[in-house]
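The following exercises concern a single protein chain and are to be worked with the model at hand. Each task is followed by a solution in steps.

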Amino acid sequence: MKSSKNLYRDILTGLFFTAGVFGFMSGEFVISTMLFGAATISSNLDFNGSFRA
């Protein structure tokens with residue numbers, strides 16, 4: 001089911017983004033930058049298995 005994969009990806013992206021905001025507010029700018037980058041990458045990658053090894 002395709003929507004469950006999108007749901008898990010959206011939850012992961014939301015967790016990265018929320019952790020990045022809390023890291024930014026606490027002054028951990030390097031960690032928050034990495035978390036924002038991880039949120040961006042996880043929201044833009046497509047993990048539907050359309051490629052072959």
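**Exercise 1.** Which residues are buried in H2?

The model is predicted, so local features need pLDDT of at least 70 and side-chain atom pairs count only at pLDDT 80 or more, while totals for chains, interfaces and linings use all residues. Residues are numbered from 1 along each chain as its sequence is written, and side-chain values use heavy atoms, with hydrogens and water left out.

Step 1. Fix the terms. Helices (H or I, at least four residues) and strands (E, at least two) are DSSP runs, numbered from the N terminus. Buried means under 20% relative accessible area, exposed over 50%, and partly exposed in between (1.4 Å probe, protein chains only).

Step 2. Apply them. The buried residues in H2 are Ser32, Leu35, Ala39 and Ser42. These residues cover an arc of only 90° around the axis, which puts them on the same side of H2; the arc is that of the directions from the helix axis to the C-beta atoms.

Step 3. Relate this to helix geometry. An α-helix has 3.6 residues a turn, so residues three or four places apart point the same way.

Step 4. Examine the other side of H2, where Val30, Thr33, Met34, Ile41 and Asn44 are exposed.

**Exercise 2.** Determine how the end-to-end distance of H2 compares with the expected span.

Step 1. The expected span of a helix is 1.5 Å times one less than its number of residues.

Step 2. For the 16 residues of H2 this should give 22 Å, and the end C-alpha atoms are 23 Å apart, which agrees.

**Exercise 3.** Describe the surroundings of Ala39 and Ser43 in H2.

Step 1. Ala39 is found in helix H2, residues 29–44. Ala39 counts as buried because its relative accessible area is 7%.

Step 2. Contact means heavy atoms within 4.5 Å. Leaving aside neighbours within four places in sequence, Ala39 is in contact with Thr13, Phe16 and Phe17. The C-alpha atoms of Ala39 and Gly14 are separated by 7.4 Å, although the two residues are 25 apart along the chain.

Step 3. Ser43, by contrast, is partly exposed at 35% relative accessibility. With neighbours within four places again left aside, Ser43 is in contact with Arg9 and Thr13. From Ser43 to Thr13 the C-alpha separation is 6.1 Å, across 30 residues in sequence.

**Exercise 4.** Is Gly20 buried or exposed, and which residues does Gly20 touch?

Step 1. Gly20 is found in helix H1 and counts as buried, because its relative accessibility is 0%.

Step 2. Not counting residues up to four places away in sequence, Gly20 touches Ser32, Leu35 and Phe36. Gly20 and Leu35, 15 residues apart in sequence, have C-alpha atoms 5.1 Å apart.

Step 3. Recall that Ser32 and Leu35 are among the buried residues of H2.

**Exercise 5.** Characterise the protein as a whole and locate a nonpolar surface patch.

Step 1. The secondary structure comprises 2 helices and 0 strands. Of the 53 residues, 13% count as buried.

Step 2. Accessible areas come from the Shrake-Rupley method with a 1.4 Å probe; for residues, only the protein chains shown count as cover. The protein exposes about 4400 Å², and carbon and sulfur atoms supply 70% of it.

Step 3. Leu7 lies in helix H1, residues 2–26, and is partly exposed, with a relative accessible area of 48%.

How values were computed: Patches are made of residues with over 30% relative accessible area and no salt bridge: like charges are joined within 9 Å, nonpolar side chains (Val, Leu, Ile, Met, Phe, Trp, Tyr) within 5 Å. A salt bridge is a side-chain nitrogen of Lys or Arg within 4 Å of a carboxyl oxygen of Asp or Glu.
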